[in-house]
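The exercises below are meant to be worked with the sequence and the model open side by side. Try each task before reading the solution that follows.

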Amino acid sequence: SLNTSNKKIKRKINKSSVDFCYVGKLKEENQWKHLKTYDPNFNETIIWFSKFKKINLHIFPSKALSNNSIKKYRNLCRPHKNIFFNRNFEYSELLKKISHYDCGIVVFPINNWPNKRAKKKYKYAMGNKIFDYLGSGLISVFPIYNKKKVNWFTSKFLEKYDACCYIDKEWNEKKIITVVRKHQKKLTISNIKKNLVSYHID
């Protein structure tokens, strides 16, 4: 069953602030300096988001993240009023939690990414998080990198049903909010169901 409704999606659009979230794997803190890994440096993403006043970032790490890395991420987030590093939630509770947010980050590189290894991994990958986001009424966020959309298989799949948007790290806060709201207005329960495999099977 879905964790959202057309009414709930419309209600979120009227908020003055925009809530992003990220659910899933994070690089261990001892890997932050290594740029040739599969995953982007999310510590850089945190710092980038911290400059905003009306955009919040809610982070939900996987259970695999080490305690030492959890401490490092929390220390990095703590000084910023718009960045929230959360504990682990049970799956059903997590989906209810994120249903209050506007969009979910799939990948959001800042610098020196994607590299060759990452391109090979992510070009045709489709992570479970996009279905968690979608079933909870969130649009998925992909980056514009070097003035080009990171237009991999997942983003093409979601774009067909108005379930994603692209953001450039060079944009100011006002433009990011405008783009997110524009795409949220296109998201409907009908389009969400078209993207979810369970509805095609049933």
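**Exercise 1. In this predicted model, which residue forms a salt bridge with Asp19, and how far apart are the closest N and O atoms?**

Solution. Start at the side chain of Asp19, which forms a salt bridge with Lys15, the closest N and O atoms being 2.7 Å apart. Next, consider the accessibility of each partner: Asp19 has a relative accessibility of 10%, which is under the 20% cut-off, and therefore counts as buried, whereas Lys15, at 28%, counts as partly exposed.

Then follow Lys15 to a further partner, since the side chains of Lys15 and Asp102 also meet in a salt bridge, at 3.0 Å from N to O. This pair links distant parts of the chain, with Lys15 in the loop between helix 1 (6-13) and strand 1 and Asp102 in the loop between helix 4 and strand 4 (103-105), 87 residues apart. Asp102 has a relative accessibility of 0% and so counts as buried.

Finally, place these pairs in their wider setting: Lys15, Asp19, Asp102 and Arg181 are linked in a network of salt bridges, and the structure holds 7 salt bridges. Another of them joins Glu93 to Arg87, with the closest N and O atoms 3.7 Å apart; here Glu93 is partly exposed at 37%, and Arg87 is partly exposed at 46%.

**Exercise 2. Which residues point each way from strand 2, and are they buried or exposed?**

Solution. Begin with the two sides of the strand: Ile55, Leu57, Ile59 and Pro61 point one way, while Asn56, His58 and Phe60 point the other way, and all are buried. This agrees with the count for strand 2, in which 7 of 7 residues are buried.

Now turn to the strands that pair with strand 2. Strand 1 runs parallel to strand 2 and is joined to it by 7 bridges, and within this pairing Asp19 stands opposite Asn56. Between these two strands the chain passes through helix 2 (residues 42-49), in a β-α-β crossover that is right-handed.

Strand 3 (residues 83-85) also runs parallel to strand 2, with 3 bridges joining them, and here His58 stands opposite Phe84. The chain reaches strand 3 from strand 2 through helix 3 (residues 67-77), and this β-α-β crossover is right-handed.

**Exercise 3. Which residues of helix 4 are buried, and why do they line one face of the helix?**

Solution. First list the buried residues of helix 4 (residues 91-98), which are Leu94, Leu95 and Ile98. Looking down the axis of helix 4, one finds these buried residues within an arc of 100 degrees, so they line one face of the helix. The general rule behind this step is that an α-helix has 3.6 residues a turn, so residues three or four places apart point the same way. As a last step, identify what covers the buried residues of helix 4, which includes strand 1 (18-24), strand 2 (55-61) and helix 6 (129-135).

**Exercise 4. Where is Arg117 placed, and with which residues is it in contact, leaving aside its neighbours within four places in sequence?**

Solution. Arg117 lies in helix 5 (residues 116-122), and its relative accessibility of 44% makes it partly exposed. With neighbours within four places in sequence set aside, Arg117 is in contact with Lys36, Thr37 and Tyr38. Phe131, by contrast, is 14 residues from Arg117 in sequence and 24 Å away in space, C-alpha to C-alpha.

**Exercise 5. What is the mean pLDDT of the protein chain, and where is the pLDDT below 50?**

Solution. The mean pLDDT is 87, and 95% of the residues reach 70 or more. Over residues 198-202, however, the pLDDT is below 50, and this stretch has 6 contacts in the model beyond near neighbours in sequence.

How values were computed. Residues numbered from 1 in each chain as written. Predicted model: local features only at pLDDT ≥ 70, side-chain atom pairs only at ≥ 80, totals over all residues. Heavy atoms only, no water. Buried < 20%, exposed > 50% of the residue type's maximum accessible area, 1.4 Å probe, protein only. Helix = DSSP H or I, 4+ residues; strand = E, 2+ residues; numbered from the N terminus. Arc of directions from axis to C-beta. Contact = heavy atoms within 4.5 Å. Salt bridge = Lys/Arg side-chain N within 4 Å of Asp/Glu carboxyl O. pLDDT = per-residue confidence, 0-100. Pairing = 2+ DSSP bridges. Right-handed = clockwise from strand over helix to strand, strands pointing away.
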